[in-house]
Amino acid sequence: MKKILFTVAATMLLCSCGVYKKYSRPADIESSTVSLYRGAATESADSVNSLGALGWREIFTDKWLQRLIDSALVRNTDLRVARLRVGEAEAGLKAARLAYVPSFGFAPNGAVNSFDYSKPAWLYSVPVTASWQVDVFGGLTATKRRAKAAYECSQDYQEAVQTQVIAAVANSYYTLLALDAQAEIARTTAKSWGEIVETMRLLKDAGMGNEASVRQMEASYYAVSSMVHDIEHQQFVVENAINVILAQPSTTITRSTLDEQKMPEKLFTGIPVSLLSARADVRAAEKSLMQAFYGVNASRAALYPALNLSGTVGWTNNVGSAIVNPGSLIWNAALSLFQPIFQNGQLRARLKISKLQAEQALLLFKQKILEAGNEVNNNLEQIVTARKKASLIESQVDALTAAAQSTELMMEHGSATYLEVLVARQSLLEAQMGQCQNTLAYVQGVVNLYISLGGGVRE
């Protein structure tokens, strides 16, 4: 009998080694990250430092922006929901760990019996039962590791939401600053054009102009004045968007100016693999793959027998055929083995579903890595492009400013027409607006690169 039990136990242990497997990252994932970067990202890929390793306060030094981010990290609805999901997953992990602990039950019962009008006899039993499932085939271990992966995934998801909230606040804030700069340009231009209109009226009264030219300049003046109101409307909309992120009623956003912003001059992109592992959303995608992997293990373990140990200890006065008082101690122990037979088809169907879910999780993980690499590439190229354009646009603005001033003087002396003045002023306005947009593109490129490198988690 001992030899039989030993043989059965050894066979079950050998089978369990084949059923349970520990997760390891697929080998092709590591090799696929080598070719993720090109262009400016490839040129900077050898740097050992990383922009994403910096705290968000080191990137966003504007005190008003820091206050907005602090408020968002406390009040934002999506982030608060993510924290609740972490608590939910933590409770699930605790429940999975407790599956290793024997379960106890207390079930006292009593009864009264009488046969053929005899004196009633009181029967009672006060047992404490215990049951413990032996994790022979790794089903409990797979379930625990799956719950742990779900918990870690929820933590990574919370970090991913936090980085997105920080990015949303920062990008909206800088957009608001760019709109402020554009509104100031439009107001200054409208004031300047108003002065030109007055000058042209005087020239017309002096016989050096005509009504058509005055009306044309007036129309341009009204168009620029209207532009101011359009920009103010956009400012109002962006302020409301920030208020929504902060989960607060609509209010005016206190802010500085675009010229006061200071962003890191030297951008470190780091080693590609380390960059991707720093991103919370990439880690969350891998944890989802781990969940699916251990889900396959759990489904496979369900096909094998379940070994349970149980026992009872307590007091009873119902021993044998005689009824005695007081009660006597009673105990028993049992070993049971349950092998599913009629549910085998259903269990195999669940195993197939688990495998398909694992394949889906692997594809989504690979896709997330590709998207992460693409974001790094795009954001870094956006920064490089904005830097290249900055000096050119500045020279363009300087040249157009001088041209506008010259044409206005020439018009006053009768050597230039109103059309030349109009074209010079419109070109200058477009160049100044473009300069604001290019500055915004650079700043937002830094913000998005910082986030795409896994930044925003540390202060």
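This passage describes the overall make-up of a predicted model and then a few of its local features.

The protein chain contains 12 helices and 5 strands. Of its 459 residues, 41% are buried. Contacts that reach far along the sequence are well represented: among those with a separation of 6 or more, 82% join residues 24 or more positions apart. The chain exposes an accessible surface of about 25700 Å², and carbon and sulfur atoms account for 59% of that area.

Part of this surface is a nonpolar patch made up of Phe 104, Phe 106, Val 126, Val 128 and Val 313, which together offer about 470 Å² of accessible area. Strand S1 (103–106) and strand S3 (121–134) are the elements that each contribute two or more residues to the patch. Val 126 is a handy member to look at, and its place is in strand S3. Its relative accessible area is 31%, so Val 126 ranks as partly exposed.

Turning to the helices, Gln 164 sits in helix H7, which covers residues 139–205. Gln 164 is classed as partly exposed because its relative accessibility is 49%, and the exposed class begins over 50%. In sequence, Gln 164 is 85 residues from Leu 79, yet their C-alpha atoms are 9.6 Å apart in space.

Helix H12 spans residues 418–452, a run of 35 residues. From first C-alpha to last, H12 reaches 50 Å, close to the 51 Å expected at 1.5 Å a residue. After H12 comes Gly 454, a residue with a positive phi near 90°.

Conventions
Residues numbered from 1 in each chain as written. Predicted model: local features only at pLDDT ≥ 70, side-chain atom pairs only at ≥ 80, totals over all residues. Heavy atoms only, no water. Helix = DSSP H or I, 4+ residues; strand = E, 2+ residues; numbered from the N terminus. Expected span 1.5 Å × (residues − 1). Buried < 20%, exposed > 50% of the residue type's maximum accessible area, 1.4 Å probe, protein only. Contact = heavy atoms within 4.5 Å. Areas by Shrake-Rupley, 256 points an atom, 1.4 Å probe, with all protein chains shown as cover. Patch = residues over 30% accessible without salt bridge, like charges linked within 9 Å, V, L, I, M, F, W, Y side chains within 5 Å. Salt bridge = Lys/Arg side-chain N within 4 Å of Asp/Glu carboxyl O.
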